[in-house]
Amino acid sequence: MNTYVFDSSTKKKLFLSFGIGALLLLLGILFFEGNSSTVSHEAAKHETAAVSHETAKAAAGAEAHHGEAVTLSKTILMNTYNVFYFGFYIALAAMFFLAGTNLAWGGWQIQIQKIPLAIAMNVILFLGLLLVMFAFFNHDIFEWSHDYLFNPKDARYDELLASKQDFLNMKTFWIFFVIIAGSCIGMVLYWWKTLTKLDTAPSLKLFSNSRMIAAVTIVIIAFVINTFATWFWSMSIQPHWYSTMFTWNTMAGAAVSMFSVLILLIHYLKGQGYLPNVNENHLHDVAKLMFAISVFWMYTFFSQYMLIWYANIPEETEFFRLRRNADNYGILFHLAIVFNFVLPFFILMTRNSKRSKNITIVTAFIIILGQFAWFFLMNCPMILPKGGFGLISLGLLFMIGSVFIFVTLTFLSKVKDLASTTHPYVNESYHHHI
């Protein structure tokens, strides 16, 4: 079998997973307990105190706009936004993996490259969902979208944000959204067209085209999409704060999550009888990437943390104060480190563990949950200072995750040559041994 059939049994399981998510979401809504966001208000005062005494009061008042109470609607809104953002970045990481391996003339991954291609197609769906969020909820998500913050005559005027107005304004935001969305959609469609056409009409010209688009993809993702999407769509939710490590940390988290999804799909396809020539050597390489990037994620995390602690600038330390304190998300913060680094590091340290089906499956789920929690910590605490992570978060993860896999398998079923048997490097993939 070399053409994947999206059977009814798999669809039923995904519908069941979606239903479990809906049930968790409903339970989360029924048992939701709102709370006061005094932490957010105090956070704003603390953060802005480093800027100037004159602006502190006004900016604190402006920050208070973002959550005098953690309401159910805000909790659902921010958790939904976080899942969309997480899904978009996993799809983006899949496209980056395709580009990196093709540009490097990689051969080992040829038999499985249609899986990241199908994952990458999700980028269109999640850009559409993010567009809806930005169009209808930009004032709820981004504090800086309020004009009064930049008006010196208004009592809510924020001197620090006013100094960033040339960048943080809706006109620039939408310009970069169009650039990011246009380049993402253009590149992923070109990848789809090139790699699927290689199945039916293989030629050296198509192979050369794949390397050309790989080079373009890497440059655009690295210098445009990842940079500005991270700044605008995530870091600017807490606009008084900034970090030069934030984009690296975000992409590392997305990449290790994508490899976790990839290895789960490989195991699923092999369990269905597909990809007969994919063996433990290929799985070993994917697991090595999971191991290596979880270490890299920790490196970027600690670098960000250490630099901010060493500099001891209140404007920067506020990011960790709001997330590490026991009153806010202290438990989740430390669990995220355990799930994203400690457990993957020790579990995947040995050669045999990287080649074990059961161990890699368990580790993949650990990493996905850990990175999902970390994405929540990046995006949500400014709006939800406490109590925002729970059944609602997990319910939405199950629901949107099911949609993500449904879309991936739908595109995978449209591929005629699942194992890319006509690719010039497929023999190298057959004889891959480590």
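The legends below describe three close-up views of a predicted model.

**View 1. Surroundings of A22 in helix α1.** Helix α1 covers residues 8-30 and includes A22. With a relative accessibility of 32%, A22 is classed as partly exposed, because that class lies between the limits of 20% and 50%. I400 is 378 residues away from A22 in sequence, yet the C-alpha atoms of A22 and I400 are 10.0 Å apart.

**View 2. Helix α13 and its packing partners.** The 18 residues of α13 run from 330 to 347. From first to last C-alpha, α13 reaches 24 Å, which is close to the 26 Å expected at 1.5 Å a residue. A kink of about 35° is centred on V338. The buried residues of α13 are G330, L332, F333, A336, I337, N340 and P344. These buried residues pack against three helices: α11 (280-311), α12 (314-324) and α15 (357-379).

**View 3. Q111 in the loop between α4 and α5.** Helix α4 (72-103) precedes the loop that holds Q111, and α5 (114-120) follows this loop. The relative accessible area of Q111 is 2%, so Q111 counts as buried, the limit being under 20%. Two polar contacts of the Q111 side chain are shown. One is with the backbone oxygen of N277, at 3.4 Å. The other, also 3.4 Å, is with the side chain of H282. Beyond its neighbours within four places in sequence, Q111 is in contact with L275, N277, V278 and H282, and further along the chain with L418, A419, V426, S429 and Y430.

Note on methods
Residues numbered from 1 in each chain as written. Predicted model: local features only at pLDDT ≥ 70, side-chain atom pairs only at ≥ 80, totals over all residues. Heavy atoms only, no water. Helix = DSSP H or I, 4+ residues; strand = E, 2+ residues; numbered from the N terminus. Buried < 20%, exposed > 50% of the residue type's maximum accessible area, 1.4 Å probe, protein only. Expected span 1.5 Å × (residues − 1). Bend = angle between axes of the 7 residues up to and from the residue. Contact = heavy atoms within 4.5 Å. Polar contact = N/O pair within 3.5 Å; in protein donor to acceptor, adjacent residues only side chain to side chain.
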